[in-house]
Amino acid sequence: MSSKKNPPKESQLAGTQTPDRANTNAKLQSLETFRSDATGQALRTNQGVKVADNQNTLKAGDRGPSLLEDFIMREKITHFDHERIPERIVHARGTGAHGYFQAYESHAALTKAGFLQDPEKITPVFVRFSTVQGPRGSGDTVRDVRGFAVKFFTEEGNFDLVGNNMPVFFIQDAIKFPDFVHAVKPEPHNEMPTGGSAHDTFWDFVSLVPESAHMVIWAMSDRAIPKSLRTMQGFGVHTFRLINAQGKSSFVKFHWKPKAGVCSLLWDEAQKLAGKDTDYHRRDLWEAIETGNYPEWEFGVQIVAEEDEHKFDFDLLDPTKIIPEELVPVTPLGKMVLNRNPDNFFAETEQVAFCPGHIVPGIDFSNDPLLQGRLFSYTDTQISRLGGPNFHEIPINRPLAPNHNGQRDAQHRTTLDKGRASYEPNSIDGGWPKETAPAASEGGFESYPERIEAHKVRQRSPSFADHFSQARLFFQSMSPTEQEHIISAYSFELGKVEREFIRAREVNEILANIDLTLAARVAANLGLPAPKKGTVDVPQPSLKQSPALSQMNLLGEGIKGRKVAVLVADGVDGVSVDSLVKALEAESAQIKILGPSSAPVKTAQGKALAVDASMEGMPSVIFDAAWVPGGKASLQALAGDGVALHFLLEAYKHLKPIGLASEAQAVLDKLGLKADSGLLLGNDDKAYKAFITAISKHRVWEREAAAKAIPA
Ligand code: HDE
C-alpha cells in the first residue's frame, strides 16, 4: 500500500511513468548541466583540497587555543557567515517547482512566440508560488494574495509571467506601490502582525484609497485562503499584447486554470493550520509531485482585438479591472504540468529572479501604468537581492537560448567571454555578436510600433475613475456562502483595527459604495451604525453577475491528490481498509492511515497494519475527508478516544465528507451527528462511490448551518 511508505522519489517513479512522462522529464533534465551530485565524492575545500578532519579545529595541543592558520576552519566559517541573502521585499515566503508547458495546437494567428507554435514542443518552466506580506518563515495559510510566477525557458529566451492568484491589484499606478507595501507590512514600531493585513496601517491606507476596493474584496474572499497551491487560479493581471508574424497585435489577459478546480480553506482551518503545519501549502505541493499526482493548469488568454480597445465600460489599461469572462471568454492555449521538485531550495526557489520585463518576440507590454513601473522594479530589486547585474548567470535563471552581448564584468561574473571586442559595432571580432532582423523568420525582438501622441503629464486617465462597480460585481456574483465568508473576513480584519475612525471610514466610504447589505452587516459586527447610502454614484456595469467569479462554479474533476484520513485502532477490519484504500487509490487520492499513536495496529484478522502517523500528528485540518472502517474493537476504542472524536467533530465542522462503516452508528451517536449527503455509513463499493462523489464536491455546504453549533 503506497500510502504507508515514504513517497517514492521522482527518479524511482521513472519506471512507473508513462514513456511520455519519463521522456519529458529526461529531456528537461538533460538541459540542466549545472546540477552537482556529491555521491561518491571526497569532501574538499572550495579550493579542491581533500579534507582529512572535518570534526576538529587546528589547535596548539588538544586543550590549547585555536590557530589562525586553520584555513579549513576559516573558509568554512567565513562561508557560513555570509550564507544569507536579503529576502524578497514582498513575496518572501515561496515555494517552487519545475515542469513543462505544451501548447494544444499552433497559435500562429495570434502570436509568433515560438513556444506557442507547435503542439510537439515541450518548454521547461519553473514556477514559484508565494504569499505577499510575510517574511520567509511565515505561515503558508494566512489570508493574503498568492504570487503565481512562471518562468518559461523558451528557445527564444526567457518569458516570465509574474502574476497573482487574483486578477486585479490594489493600486493603479506604480508610484503608489511603496506606500501600499509599507501599509500592509507589519507595523514599524513592533513588527506586527506577521503575514496578515488585519491591522491599522493596512486599513488606514485602503480606506483612503478607493481604487483598492476591488482587490481588497478579493482579499477578503475565500481566494485569499486557498486550499492548496494546486487549486489556485493564476492571472497575469495586466493587459498584454500578443503579436503575430504579420505584425498584427491583439490585447490579451493571461489566465491559469487549475485542473483540480478552485478550492479554499475555511477561515478556522486556515488559522489552525498556520500553527499545526506552517508549511501546509509547500508540503502539499511537494508531496503531490513526489507521489506522481502532477498538478496541472490550463493556460489561456482573453483576446481583445486592437480595434475593440475602447468598447468596454472600463479601461483595459486599468489593473484594478477584470474583463468578465462572460464578455470575453478565455481561449485555451496549452497546459502546464509541474512534475519535478527542486533539488535545492536556495539555489532554485530562493535565487530564481522573475522580471515582468522578460518577454520574447510575439509578446509585448500594454501601457498599464502599474506594469510599466514593474518593468523597472524587478531588475532593480534583483541587483541588490542577488548581488549584482549578473543574476541571469545563476543556474536557475539561465536562459536555454544563448546570450552573447557586449555586457561584461561586474560582481559574480561566471561567463568567460572570449574575443577582444565587447562593443558593437566592431571589426576586430568579425562584427560578432550581430543584431538579428526582426522579421518572424529571423527572430530579432521588435517592440510593437504603437503610435503615441501626448502631453507629458502626471495625471490619471478619467477612464480609471470608477472604483466600485467591479467590486460590486464581484460581491454580487458570489454564492450566499461566499458572501457570508466575505462579511466575516471584513468583520474579523476590521475588528483588529484599533482606531474606530478607520473602521468607520472603511464601512462608510468603501463598503457602502460596494454594497449596502455588505456595509450594514459588517457595521453591525463592529457596533457601528449602518450607512444609509454610499458616498459616490457608482456607474451601472453592463453585467449584474459574473458566474465565472464564484468558486462554487469552478470545481475540478475527480479527487486526484485529495487527502483522505483513515482512522484505525487495534481490531480494525483489515479487509475493509484494503478495499477502501484500493477504491481511493484508483481515483489517485492520497491516503493516510492514522492510529492512536504512530505504532502499527493489529487488525481483526491478526495482522500488523502500519500507520502513517498518529491522529495528533496529522490533525483533521490537513485532510479533505475522513473514513472510519469497521472492526468492533477498533470502533469501541475510537468512540472512547478524545483525539479521534475531536478529529471527526472538527472534520464535520469544516464540512468535510466523512464515511463510516455501517456498524459505526455508535460513534456518530456519541458525537451527536446526523447523516447528510457527506456523512455516510456503509461498507461496500456503493458507499465508497458516494464518499468519492462527496469529496469531489470539496465541501458539504448544506451542513454549514448545523456545523456552526459545533465548538471550534
Ligand atoms: Fe511585484 N514585486 N510589484 N507584483 N511581485 C516583486 O520582485 C512590484 C505586482 C509579484 O516569486 C519584487 O523579485 C512593484 C503585481 C510576484 O520571485 C519587487 C509593483 C503583481 C512576485 C516587486 C508590483 C505582482 C513579486 C520583490 C507595482 C501581479 C514574486 C522581489 C508597480 C501581477 C516573484 C522581486 C517571485 C515580487 C515590485 C505589483 C506579482 C519588489 C513595484 C501587480 C508574483 O520587485
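## Chatting through a two-domain model

Analyst: Let's open with a pairing: in this predicted model, Arg 88 and Glu 350 form a salt bridge, with 3.6 Å between the closest N and O atoms.

User: Where do those two sit, and why is the pair worth a look?

Analyst: Arg 88 is in the loop between helix H3 (71–81) and strand E1 (94–103), while Glu 350 belongs to helix H9 (residues 345–350), so the salt bridge ties together parts that are 262 residues apart in sequence.

User: How many salt bridges does the structure hold?

Analyst: The structure holds 32 salt bridges. Between domain 1 and domain 2 the count is five.

User: Wait, what are the domains here?

Analyst: The domain assignment splits out domain 1, covering 94–196 + 226–397, and domain 2, covering 563–707. Their centres, taken over C-alpha atoms, are 37 Å apart.

User: And how many residues does each domain put into the contact?

Analyst: Domain 1 contributes 17 residues and domain 2 contributes 16 residues.

User: What area is buried between them?

Analyst: About 1300 Å² is buried between domain 1 and domain 2, and carbon and sulfur atoms give 50% of that. On the domain 1 side, Leu 266, Glu 269 and Lys 276 supply 34% of the area buried against domain 2, more than any other three residues.

User: Back to the five salt bridges between the domains. Can you show me a salt bridge with its N and O distance? Which residue does Lys 272 pair with?

Analyst: Lys 272 pairs with Glu 650, and their closest N and O atoms are 2.9 Å apart. Looking at polar contacts across the interface of domain 1 and domain 2, there are ten residue pairs, both residues at pLDDT 80 or more.

User: Which elements of domain 1 give two or more residues to that side?

Analyst: Those are helix H7 (267–276) and helix H8 (280–290). H7 gives the most to the side of domain 1 that touches domain 2, with five residues.

User: What's the mix by class on that side?

Analyst: The side of domain 1 that touches domain 2 has eight charged residues, six nonpolar and three polar.

User: Changing topic: what does the protein offer the iron atom of the ligand as a donor?

Analyst: There is a single donor from the protein, the OH of Tyr 378, 1.8 Å away from the iron. Tyr 378 is found in helix H10, residues 369–385.

User: Any odd backbone spots? Which residues does a cis peptide bond join, with omega about -5°?

Analyst: That cis bond joins Met 192 and Pro 193. Pro 193 lies in the loop between helix H4 (177–184) and helix H5 (200–208). The bond from Trp 432 to Pro 433 is also cis, with omega near -10°. Pro 433 is in the loop between H10 and helix H11 (469–477).

User: Why would I care about cis bonds?

Analyst: Because most peptide bonds are trans.

User: And what about phi: is it positive or negative at His 412?

Analyst: Positive, about 60°, although His 412 is not a glycine. Most residues other than glycine have a negative phi. His 412 is found in the loop between H10 and H11.

Definitions and conventions. Residues are numbered from 1 along each chain as its sequence is written. This is a predicted model: local features need pLDDT of at least 70, side-chain atom pairs count only at pLDDT 80 or more; totals for chains, interfaces and linings use all residues. Side-chain values use heavy atoms; hydrogens and water are left out. Domain bounds come from an automatic or database domain assignment. Contact means heavy atoms within 4.5 Å. Buried area is the accessible area (1.4 Å probe) that two parts lose on being put together, summed over both. A salt bridge is a side-chain nitrogen of Lys or Arg within 4 Å of a carboxyl oxygen of Asp or Glu. A polar contact is a pair of N or O atoms within 3.5 Å; within protein, one must be able to donate a hydrogen and the other to accept it, and residues adjacent in sequence count only if both atoms are side-chain atoms. Helices (H or I, at least four residues) and strands (E, at least two) are DSSP runs, numbered from the N terminus. Ala, Val, Leu, Ile, Met, Phe, Trp, Tyr, Cys and Pro count as nonpolar, Asp, Glu, Lys and Arg as charged, and the others, Gly among them, as polar. Donors are N, O and S atoms within 2.8 Å of the metal (3.2 Å for Na, K and Ca); water is not among the atoms, so sites may look incomplete.
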